[in-house]
Amino acid sequence: MNSQNHFEPHPSTPHPSTPRASTLYTDYAATSPIRPQAQAAMQEAERLLNPAGQYASGRTARRVLEESREQIADILGCDPIEVVFTGSGTEADNLGVQGLAFQSRRTHPEARKILAPAIEHPAVNEVVGWLCDQSQFPGSALGFEHVQLPVDQYGRVADNPAQLQQATAEDTALLALMWANNETGAIQPVEQVVAAARERGIPTHVDAVQVVGHLPVDFHQLGASTLAASAHKFGGPRGAGLLLVRRDVRLASPIRGGGQERGIRSGTVDVSAAAGTAAALRAAVDSHTAEQAHVKQVRDILAQAVREIPDSQVWTSEPALPGHLHVSFPGAEGDSLIMLLDSRGVEASTGSACSAGVNRVSHVLTAMGVPVDVARGTLRLTVGPDVSLSDAQLLATQLPGIVAQARSAGLAT
Ligand code: PLP
């Protein structure tokens, strides 16, 4: 145990003067500290100008941009032309889902169904909801229909869901499935589901935001039409995303403009963000084996501590992302847990979509059939390479008291 009863200084503390020395960050699934390799690459590229410019500075910027694209393509098993830089994972998801939906409608006018489970991140869920909201398209035949792919009690879809077996390319615009869930960490059978959809000629969008940089990804082998990633989830800059778009897939992009990025994502490309994304991905993949083993050890210490707390429920089940631990303590309010942890220097979240600091009951746990009163007491601990074993042990000793305190405060009415 940490003898000073303090968490170890965080190695990625940007300014040594900021009061992070006794803070433990356990919200890596929300965002992760920037890797020094990404910082260095971005610094080097930050003065570059327009990569589309037809003069010397444009060529210099373009060379860095294309090198970054090649490096990313090499790591993710695709061709450089299939890498589209976006402004976030959310934007990549929006482009993938909307682009496939509208393109399908062009090729198959009757393609109305969108197959997706209810556990998707809002970056997909909200887009599907909007596309399927008939009031958006009054008097037109544009409206789509959301066909939910059910999940089991562990939050996973089936390998070849019945709803997919009944779908055809003529009636189905696309299937969207996240590779791993951001709350529970549950890894989905994406390879099987994508293969089954491809057999039926149905386009597929995979939200791999929690996976890229954490698990091996081979885009060509997977065979999805589009795949979304986000740099800040693997130590790259925030506000930088990737959409992989198969060469033979046409997208009806909702973004119109100068035609950059294959016409899919118009707008002057941020070369510095692209360089930072490539450097972070390279560093994440190179240190993958060692980091994952460490992260798993840290997670297991915390999981053991949680299991010893009476009536606790662990939602993370294998196969799962190694740094994820999503749990509930019935009788406690998630917000109380977060505040009590924060007062002790531990930064964590409930994991559910949080807007303006207000937590809602998790739509993921609801889809898994978890009763609302149980789902209210959730805590998501997501750890990364900077969390030491002694920090995990210190937190493990503090957890029972924190949960008892939150339970004594009860549930808000
Ligand atoms: N998809 C998943 C599964 C996520 O976890 C997140 C972020 O939490 C996103 C999409 C959105 O990514 P970004 O924050 O880059 O917009």
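Here a trainee and a mentor talk through a predicted model and the terms used for its parts.

Trainee: Why is Asp27 called buried?

Mentor: Its relative accessible area is 13%. Buried means under 20%. So Asp27 counts as buried.

Trainee: Where is Asp27, and what does Asp27 touch?

Mentor: Asp27 is in the loop between strand E1 (24-25) and helix H1 (36-45). Leaving out residues up to four places away in sequence, Asp27 touches Glu347, Ala348, Ser349, Arg380 and Thr382.

Trainee: What makes the pair Asp27 and Arg380 a polar contact?

Mentor: Their side chains come to 3.1 Å. The cut-off is a pair of N or O atoms within 3.5 Å, with one able to donate a hydrogen and the other to accept it. The pair is therefore a polar contact.

Trainee: Why is Gln221 called exposed?

Mentor: Gln221 has 68% relative accessibility. Exposed means over 50%. So Gln221 is exposed. Gln221 sits in helix H7 (residues 219-222). The C-alpha atoms of Gln221 and Gly77 are separated by 7.7 Å, while the two residues are 144 apart along the chain.

Trainee: Which class does Arg262 fall into, and why?

Mentor: Arg262 has a relative accessible area of 34%. That value lies between the 20% and 50% limits, so Arg262 is partly exposed.

Trainee: What about Glu261: buried or exposed?

Mentor: Glu261 is at 10%. The limit for buried is under 20%, so Glu261 is buried.

Trainee: What is notable in the backbone of Glu261 and Arg262?

Mentor: Glu261 has a positive phi of about 55 degrees, although it is not a glycine. Phi of Arg262 is near 60 degrees, again positive in a residue other than glycine. Glu261 lies in the loop between strand E8 (241-245) and helix H8 (271-286). Arg262 is also placed in the loop between E8 and H8.

Trainee: How many disulfides are there, and how do you know?

Mentor: The count is 0. A disulfide needs a pair of cysteine sulfur atoms within 2.5 Å, and by that rule the count comes to 0. As for burial, Cys78 has 8% relative accessibility and counts as buried. Cys132 has 15% and is also buried.

Trainee: What makes the bond before Pro319 cis?

Mentor: The peptide bond from Glu318 to Pro319 has omega near 0 degrees. Pro319 is in the loop between strand E9 (313-314) and strand E10 (324-328).

Trainee: Why are E9 and E14 called edge strands?

Mentor: Start with the order. An open sheet of 3 strands runs E9-E10-E14, with antiparallel pairing. E9 and strand E14 (378-382) each have a single partner strand, so one side of each is left without a neighbour in the sheet.

Trainee: How do you know that E10 and E14 pair?

Mentor: There are 5 bridges between E10 and E14. Pairing needs at least two, so they pair. Leu325 stands opposite Leu381 in E14. Helix H9 (residues 288-307) lies across E9, E10 and E14, at about 10 degrees to E10.

Trainee: What is the strand order in the sheet of 7 strands?

Mentor: The order is E2-E8-E7-E6-E5-E3-E4, an open sheet with mixed pairing. Strand E2 (83-86) and strand E4 (145-149) stand at the edges, because each has a single partner strand. Neighbouring strands are turned by 20 degrees against each other on average, direction ignored.

Trainee: What makes E3 and E4 a pair?

Mentor: 5 bridges join strand E3 (residues 113-117) to E4, and the two run parallel. At least two are required, so E3 and E4 pair. Leu115 stands opposite Val147 in E4. Helix H6 (residues 190-199) packs on this sheet, touching strand E5 (172-178) and strand E6 (204-207). The direction of H6 makes about 175 degrees with that of E5.

Trainee: Which residues come nearest the ligand?

Mentor: Of 14 residues around the ligand, Thr90, Asp207, Gln210, Ser230 and Lys233 come nearest.

Trainee: How do you know that Thr90 makes a polar contact with the ligand?

Mentor: An N or O atom in the side chain of Thr90 is 2.5 Å from an oxygen atom of the ligand. The limit is within 3.5 Å, so this is a polar contact. For Gln210 the distance from a side-chain N or O atom to a ligand oxygen is 2.7 Å. For Ser230 it is 2.6 Å.

Conventions
Residues numbered from 1 in each chain as written. Predicted model: local features only at pLDDT ≥ 70, side-chain atom pairs only at ≥ 80, totals over all residues. Heavy atoms only, no water. Helix = DSSP H or I, 4+ residues; strand = E, 2+ residues; numbered from the N terminus. Buried < 20%, exposed > 50% of the residue type's maximum accessible area, 1.4 Å probe, protein only. Contact = heavy atoms within 4.5 Å. Axes fitted to C-alpha atoms, helices over the stretch in contact; angles between N-to-C directions. Near = heavy atom within 4 Å.
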